[in-house]
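This briefing concerns a predicted model. Please look at the sequence and structure shown here before turning to the points that follow.

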Amino acid sequence: MKLYITVILLSICALSDAASARTAQPLFYIERALNANIVRYDAQVETNGTLSQREPVIAYWVLNAEDGRRESLNYVQKIKAYGIKVKPNAAQGEYLLTIVSFKERPIRVFMNNGVARAEMDINGSPAFLEKVFIQTTGAFSRPDFIEFYGKDAANGEETVERVNTD
């Protein structure tokens, strides 16, 4: 029995070590007009420099309007607004990410020279997404508009696209 418990404890420690070996690299964030809190999206990178196959991208709140602590998205936020779906892309080691409230704007997540990238079309051209801004008048109201900010993937120039939601 003691040997069995020892094996289980060693297995748990090994899994904890493997999970902690993963590092998070910021991809982009969502900023809202309501307050300074943001939803941040990070890539989880393994020690070998590849995206985690189990959970390549995570999303969470950074409560800047309070004390800056990190907080998980709640169930409603995950299914209605800021939650994500991530599936492997056709290219090896790449993933296609969709935010539940922006399903029509897929984001390609991949590693580029050791840096995690989130790429989507902004103004009709591939760009590295840095920020999404949502202009809204209330926490549960429909946004007035959404702006996507990034850097053009071809020339590195800043690019912004405003999408009206009416």
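**Strand pairing and a buried phenylalanine**

In S7, Val-109 serves as the bridge partner of Tyr-95. The model being a predicted one, the points below describe the pairing on both sides of strand S6 and then the surroundings of Phe-133.

**Strand S6 and its partners**
- Strand S6, which covers residues 95–99, is mostly covered, since four of its five residues count as buried.
- S6 runs antiparallel to strand S7 (residues 107–112), and three bridges join these two strands.
- Strand S5, made up of residues 84–88, also runs antiparallel to S6, to which it is joined by five bridges.
- Within S6, Tyr-95 stands opposite Pro-88, while the bridge partner of Tyr-95 in S7 is Val-109.
- The hairpin formed by S5 and S6 has six residues between its strands, and in this hairpin Gly-93 takes a positive phi near 80 degrees.

**Phe-133 and its surroundings**
- Phe-133 lies in strand S9, which spans residues 125–135.
- Phe-133 has a relative accessible area of 15%, and it is classed as buried because this value falls under the 20% cut-off.
- Once neighbours within four places in sequence are left aside, the residues in contact with Phe-133 are Glu-31, Arg-32, Ala-33, Phe-145, Ile-146, Glu-147 and Tyr-149.
- One of these contacts, Glu-147, is 14 residues from Phe-133 in sequence, and the two are 5.0 Å apart in space, C-alpha to C-alpha.

Conventions:
Residues numbered from 1 in each chain as written. Predicted model: local features only at pLDDT ≥ 70, side-chain atom pairs only at ≥ 80, totals over all residues. Heavy atoms only, no water. Buried < 20%, exposed > 50% of the residue type's maximum accessible area, 1.4 Å probe, protein only. Contact = heavy atoms within 4.5 Å. Pairing = 2+ DSSP bridges.
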